[in-house]
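User: I have a structure to go through with you. Please keep the answers short and reason each one to a value or a name.

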Amino acid sequence: MNRMKIIIEKRNLSELAVEETLFHNANGYLGVRGCFEEGTPEGAQSVRGCYINGFYDTVDLKYPEALYGFPTTAQRIVNLPDVQTVKMWVNGQAFSLSEGTVMTYKRVLDTDAGVTKRVIRWKNDQNQICDIEIRRLTSFLEKRLFVLKYSVTAVNGELNIELESTVNADVKNHSNPNDPRVASDDEAHLRIESVDSTDAGGCVVCTAIGSGLSMAAAVGHTVKPQSKLTITNSDTEIMTKTSANIQQGQTLTVTKYCVFADSRGDCDPLKTVNTVLSTAMKNGADYYFKNQQEYLAKLRANAAVIFGNESDNDALAFNLYGLLQSASTDGTGNVAAKGLSGEGYEGHYFWDTEIYIFPFFLHTLPKTARAMLEYRYSILNKAREHAALLGHKKGALYPWRTISGSECSGYFPSGSAQYHINGDVAHSFMQYWYFTGDIEFMADKGAEVLIETARLWLDAGHYNQNHEFCIDCMTGPDEYTCLVNNNYYTNRCAQYNLSGAVEVCSVLRQRGYSDVLNRLGVTEDELCEFRHAADAMRLPYDVKRDINLQDDSFINKKVWDFDATPKENYPLLLHYHPLYLYRHQVCKQADTVLAHFLFSSGVKESTIINSLRYYEKITTHDSSLSKCIFGIMYARTGNVEKAYDYYRDTINTDLQNRHGNTKDGIHTANMGGAYLMLVYGFAGLRYMENHLLLSPVLPKQWQGYSFSIWFRGSFVKIMVKRGSVILTLLEGNPVRMTVNGQKVLADGRLEVNLDAI
Ligand code: BGC
């Protein structure tokens with residue numbers, strides 16, 4: 001995407017696990033944490049991991065007091081056989097960062113090339129010096145492939161090099177019993193079916209014990225200059241050894257090709273990995289390195305960029321690259337909360353995708369956005385079963401967290417009770433419809449999701465004495481306030497979902513797709529009920545304060561005593577019993593403010609501003625999904641400086657480990673938030689009645705910014721500079737837009753002058 005390099009020149013072993021996250025390699029299917037090939041230096045904490053998006057095992061959920069309908073099994077992403085290990089001896093001494101002398105050290109994430117590398121000059125205890133360069137990539141072209149290219153050059157004389165490369169299938173997942181954001185037990189998830197060596201490496205086949213899914217990995221090596229490989233294997237491990245004497249200035253390179261496949265997409269994963277491996281070895285690693293660069297260059301040409309502030313631009317690039325690394329593109333998976341960079345939240349998919357991540361793909365890679373919707377469609381039947389389990393007579397309820405479609409949340413107050421996920425999913429389908437106009441997809445899949453989610457709201461809600469449509473006992477995005485009546489965000493989502501379903505049904509009917517409505521059993525009466533409930537939706541509002549209320553009871557609670565809360569007690573969820581939190585006015589994250597961002601129509605500007613100020617005072621931002629939303633609303637309401645502060649915090653969340661848990665993986669929703677802030681916050685993008693509106697502002701720290709958007713088959717680049725906005729039509733038909741109230745037609749290159757910025 002955007003050009004950037006993160007370079008670390010200091011070795012900070014206490015932050016090793018954080019670095020492993022930041023320097024992970026992933027391509028939406030396969031993810032490999034950036035662990036040291038030679039192993040973890042003594043005293044450092046490491047989470048050695050490798051994952052396939054959506055490849056899971058099942059785990060039992062145990063409750064001392066189980067009640068009806070609690071999920072009894074959950075899915076968990078599986079740590080796969082470890083292929084990262086390559087150990088080296090230089091004249092008999094093992095290379096490691098804690099032995100010999102590290103003369104120079106550089107670790108690089110190059111989003112331009114789509115690779116990570118370590119470049120080290122190392123001296124052993126006999127003063128023999130070598131240069132080591134290790135380059136790694138997970139290919140965007142061949143998603144099953146991870147390549148590790150290990151080169152060593154003799155610097156001051158002849159060296160004897162021995163290399164030992166392993167595949168270890170005896171692996172477990174990472175766990176921490178004291179942190180609810182990672183798994184608490186350390187059960188083994190893989191049963192090893194076979195371990196075999198070949199003439200260039202070997203292959204392993206494993207089955208996830210609970211889910212029965214199977215996977216295979218095949219590994220092959222090439223050595224340059226050619227030297228003999230000695231390969232052995234045990235029941236759990238394959239070991240490939242080679243050794244050579246190299247003269248001063250000469251380089252020895254071992255390239256390790258690692259291929260993974262799993263039974264969800266391949267009926268014979270072993271056959272697939274062997275075929276892909278032989279093609280990859282024929283093509284050679286350089287072919288994939290080159291292709292990676294070309295692929296990213298194409299995307300970069302029109303990616304989001306910030307001008308005049310290198311560190312903000314680099315941080316933005318890091319975030320966008322993180323999204324690209326995390327997104328499944330084939331409809332079988334989604335974007336996990338931590339992408340493929342770690343095991344936090346056990347590889348689960350949440351609403352994070354639909355609300356925070358989806359827009360980036362919708363604007364820049366609509367096919368990937370569509371694949372995300374395909375995934376939601378693929379689990380619609382499970383969502384129907386889930387709704388029935390929770391007592392609903394009709395409709396579908398998406399699980400709060402899942403991999404394969406069933407609910408994986410063991411704590412329903414801040415899990416299954418977040419019914420807003422239905423509205424979030426509906427929101428992404430509506431956005432897709434608005435931005436692409438893809439009627440075939442809506443007829444085929446979109447309408448069904450919209451109708452089934454809308455049906456659920458009708459079943460879940462009821463009319464009160466004042467004829468308002470009420471939705472009781474649910475939890476909004478703010479997980480410090482649970483099981484409330486009429487959460488404003490949830491009700492807004494439900495309203496949007498109900499009217500979206502009506503709108504799409506009417507378009508389908510007008511465009512000759514009535515058969516779709518018949519197939520789904522939609523009647524005119526039902527659409528009337530949807531419309532009526534949407535119109536009568538209860539949306540709590542406080543006249544005196546002119547704010548929307550988070551829910552019916554929120555404002556009557558005691559305000560949290562922030563002055564008496566020590567800094568080390570954040571995030572509050574790790575220090576206070578949930579009930580204590582629920583009794584206070586304290587928010588983990590944007591809730592009503594998020595509703596004002598997504599559903600602003602009909603809300604007075606004063607209500608938006610008052611609500612923003614009110615909720616800001618009581619929001620801890622303990623969730624990384626929060627600050628970007630406050631930033632967007634500050635940008636939209638004209639406080640650019642404050643918005644900019646929120647932006648800095650958002651884009652640096654992982655780069656500076658601001659939540660203290662980047663070791664468990666990147667925060668993909670927050671990364672999406674970085675994009676949302678630029679496009680929906682600073683540029684003020686909105687969709688309204690068939691066209692796009694912009695109302696840009698520009699932080700004083702920047703000279704400008706640009707991004708590009710696919711809209712109804714046209715691709716438009718939007719560049720905001722001081723005093724003007726330049727619209728360039730890159731592809732397709734001219735696009736009608738409104739810039740700060742001026743109606744314009746984006747055709748060719750158009751510069752719109754703006755005095756205000
Ligand atoms: C947030 C949720 C989010 C989840 C996964 C939690 O901390 O409160 O809104 O979906 O993290 O990112």
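Analyst: Ready. One residue to start: at 33% relative accessibility, R712 counts as partly exposed. The model is predicted, and the values are computed from it.

User: Where does R712 lie, and what is its phi?

Analyst: R712 lies in a loop, the one between β29 (704-711) and β30 (714-721). The residue is not a glycine, yet its phi is positive. The value is near 50°.

User: L483 also has a positive phi. Is L483 buried, partly exposed or exposed?

Analyst: L483 is found in the loop between β22 (469-470) and α10 (488-510). Its phi is near 55°, in a residue other than glycine. Buried would need under 20% relative accessible area, and exposed over 50%. L483 has 33%, so the class is partly exposed.

User: Which peptide bond leading into P225 is cis, and in which loop is P225?

Analyst: The bond is the one from K224 to P225, with omega near -10°. As for the loop, P225 sits between β16 (214-224) and β17 (230-233).

User: What is omega for the cis bond between Y570 and P571?

Analyst: P571 is placed in the loop between β25 (558-559) and α13 (578-582). The peptide bond joining Y570 to P571 is cis. Its omega is about -5°.

User: How are helices α2 and α3 oriented to each other?

Analyst: Two packed helices are described by the angle between their axes and the distance between the axes. Here α2 (residues 269-283) and α3 (residues 285-300) have axes 5 Å apart, at an angle of about 85°. Angles of 65 to 115 degrees count as roughly perpendicular. The orientation of α2 and α3 is therefore roughly perpendicular.

User: Which residues of α3 do T279, A280 and N283 meet?

Analyst: T279, A280 and N283 are the α2 side of this contact. Contact here means heavy atoms within 4.5 Å. On the α3 side, the partners are A285, Y287 and Y288.

User: How many salt bridges does the model have?

Analyst: The rule takes a side-chain nitrogen of Lys or Arg within 4 Å of a carboxyl oxygen of Asp or Glu. E164 and K241 meet it, with N to O at 3.9 Å. By this rule the count is 39.

User: How many residues apart are E164 and K241, and which class of exposure does each have?

Analyst: E164 is in strand β13 (residues 159-168) and K241 in strand β18 (residues 237-246), so the pair links distant parts of the chain, 77 residues apart. E164 has a relative accessible area of 16% and is buried. K241, at 39%, is partly exposed.

User: What is the N to O distance between R384 and E448, and which helices does the pair tie together?

Analyst: The side chains of R384 and E448 form a salt bridge at 2.9 Å, N to O. Their positions are 64 residues apart in sequence. R384 is partly exposed at 24%, whereas E448 is buried at 9%. The helices are α7 for R384 and α9 (residues 439-460) for E448.

User: R384 also pairs with E452. Which residues make up the network?

Analyst: The closest N and O atoms of R384 and E452 are 2.7 Å apart. This pair links α7 to α9 across 68 residues, and E452 is buried at 8% relative accessibility. Shared partners join the salt bridges into one network: R384, E448, E452, R455, R519 and E526.

User: L389 is in α7. Which residues form a nonpolar surface patch with L389?

Analyst: Helix α7 spans residues 380-389. L389 is partly exposed, at 37% relative accessible area. A patch residue needs over 30%. The patch has about 320 Å² of accessible area together, and L389 shares it with Y68 and L390.

User: Which residues does F70 touch, leaving out those up to four places away in sequence?

Analyst: F70 is in the loop between β5 (56-60) and β6 (73-77). Its C-alpha is 23 Å from that of G54, 16 residues away along the chain. With sequence neighbors up to four places away left out, F70 touches Y63, E65 and F412.

Conventions. Residues numbered from 1 in each chain as written. Predicted model: local features only at pLDDT ≥ 70, side-chain atom pairs only at ≥ 80, totals over all residues. Heavy atoms only, no water. Patch = residues over 30% accessible without salt bridge, like charges linked within 9 Å, V, L, I, M, F, W, Y side chains within 5 Å. Areas by Shrake-Rupley, 256 points an atom, 1.4 Å probe, with all protein chains shown as cover. Helix = DSSP H or I, 4+ residues; strand = E, 2+ residues; numbered from the N terminus. Buried < 20%, exposed > 50% of the residue type's maximum accessible area, 1.4 Å probe, protein only. Axes fitted to C-alpha atoms, helices over the stretch in contact; angles between N-to-C directions. Parallel < 35°, antiparallel > 145°, perpendicular 65-115°, else oblique.
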